[in-house]
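Here is a short report on one protein chain. Cores, helix packing and backbone geometry are covered in turn.

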Amino acid sequence: IDFINKYSTFVIVGHKEPDGDCIGSSLALSLFIKRIGKVPILLSAGPFKRTEISQYAPLFGNALPYDVKNDENVGVIIVDCSSIDRTGSIEEQIKDLPIAIIDHHATNTSSSPSFFIVPEAPAAAILVQDVIECIAKEVTKEEAYFLLFGISTDTGFFRHLDEKSEETFLHVSRL
């Protein structure tokens, strides 16, 4: 939350070969960043091979629109990605910028204060929802659409959940 409060422009990037959680989390976060009066820049190394995400490819660039290296108002938020090298060709463009990570993969072992990593979460979209609700208290209908998309695809449309998944269903019920 301090990271989001600190910057006015955010480069939002997920892993290469994105899936529904990566794209849904990125789009929901982008909408939220715009809603709070800040500027989102969506980047993805692609490719957008999965049919459920192909329609969103035009919303993502593959290069920064301008040289942000000397802009102290720019931060990077990496979603659904355990390390910067998983961002593919985007890594070179963002490696020297301040970075926050929102992720649910157990392979992410960083302990930076700007990293929100919860391996028990079934999708990064749940963590993005937590961030939005913590700052704004409510999720908009459009943000909810993309968060539900991310949660649904990463849980196999809820088939991969078990008896310990109460928190997931509570998140979904709020959407």
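## The loop at Pro47

Pro47 sits in the loop between strand 2 (39–43) and strand 3. The model is a predicted one. In it, the peptide bond that joins Gly46 and Pro47 is cis. Its omega is about -10 degrees.

## Nonpolar cores

The largest nonpolar core has 32 residues. Four of its members touch the most other members: Phe10, Leu29, Ile77 and Ile102. Several elements each supply at least two residues of this core. The helices that do so are helix 1 (2–6), helix 2 (20–35), helix 4 (124–136) and helix 5 (141–154). The strands are strand 1 (9–13), strand 3 (74–79) and strand 4 (99–103). A second core, separate from this one, has 15 residues. Leu43, Val76, Ile94 and Ile99 are among them.

What does Phe10 touch, leaving out residues up to four places away in sequence? Its partners are Phe3, Ile4, Ile33, Lys38, Val39, Pro40, Ile41, Gly75 and Ile77. Ile77 is thus a contact of Phe10, and both belong to the group of four named for the largest core. As background, nonpolar side chains in soluble globular proteins tend to be buried together.

## Helix 2 against helix 4

The axes of helix 2 and helix 4 are 8 Å apart, and the packing angle is about 15 degrees. Angles under 35 degrees count as roughly parallel, so helix 2 is roughly parallel to helix 4. The crossing of helix 2 and helix 4 is left-handed.

Helix 2 makes the contact through Asp21, Ser25, Ala28, Leu29, Phe32 and Arg35. Helix 4 brings Ala124, Ala125, Val128, Ile132, Ile135 and Ala136. By type, the residues of this contact of helix 2 with helix 4 are nine nonpolar, one polar and two charged. Leu29 of helix 2 takes part in this contact and is also one of the four residues singled out in the largest core.

## Helix 4 against helix 6

Helix 4 also packs with helix 6 (residues 166–174). Here the angle is about 55 degrees and the axes are 11 Å apart. Helix 4 and helix 6 are therefore oblique to each other. Helix 4 passes helix 6 in a left-handed crossing.

Which residues make the contact of helix 4 and helix 6? Helix 4 uses Ile126, Gln129, Asp130 and Glu133. Helix 6 uses Thr168, His171 and Arg174. The contact residues of helix 4 with helix 6 divide into one nonpolar, three polar and three charged.

## Phenylalanines outside the cores

Phe157 lies in the loop between helix 5 and helix 6. Its phi is positive, at about 55 degrees, although Phe157 is not a glycine. Is Phe157 buried or exposed? Its relative accessible area is 54%. Over 50% counts as exposed, so Phe157 is exposed.

Phe158 is placed in the loop between helix 5 and helix 6. Phe158 has a positive phi of about 75 degrees, and it is not a glycine either. At 27% relative accessibility, Phe158 counts as partly exposed. Phe115 is in strand 5 (residues 115–117). Phe115 counts as partly exposed, with 22% relative accessibility. Phe115 and Ile78 are 37 residues apart along the chain. Their C-alpha atoms are separated by 9.3 Å.

How values were computed. Residues are numbered from 1 along each chain as its sequence is written. This is a predicted model: local features need pLDDT of at least 70, side-chain atom pairs count only at pLDDT 80 or more; totals for chains, interfaces and linings use all residues. Side-chain values use heavy atoms; hydrogens and water are left out. A nonpolar core is a set of buried Ala, Val, Leu, Ile, Met, Phe, Trp, Tyr and Cys residues joined through side-chain atoms within 4.5 Å. Buried means under 20% relative accessible area, exposed over 50%, partly exposed in between (1.4 Å probe, protein chains only). Helices (H or I, at least four residues) and strands (E, at least two) are DSSP runs, numbered from the N terminus. Contact means heavy atoms within 4.5 Å. Axes are lines fitted to C-alpha atoms, for helices over the stretch in contact, and angles run from 0 to 180 degrees between N-to-C directions. Angles under 35 degrees count as roughly parallel, over 145 as roughly antiparallel, 65 to 115 as roughly perpendicular and the rest as oblique. A crossing is left-handed if the near helix is turned anticlockwise from the far one by less than a right angle, and right-handed if clockwise. Ala, Val, Leu, Ile, Met, Phe, Trp, Tyr, Cys and Pro count as nonpolar, Asp, Glu, Lys and Arg as charged, and the others, Gly among them, as polar.
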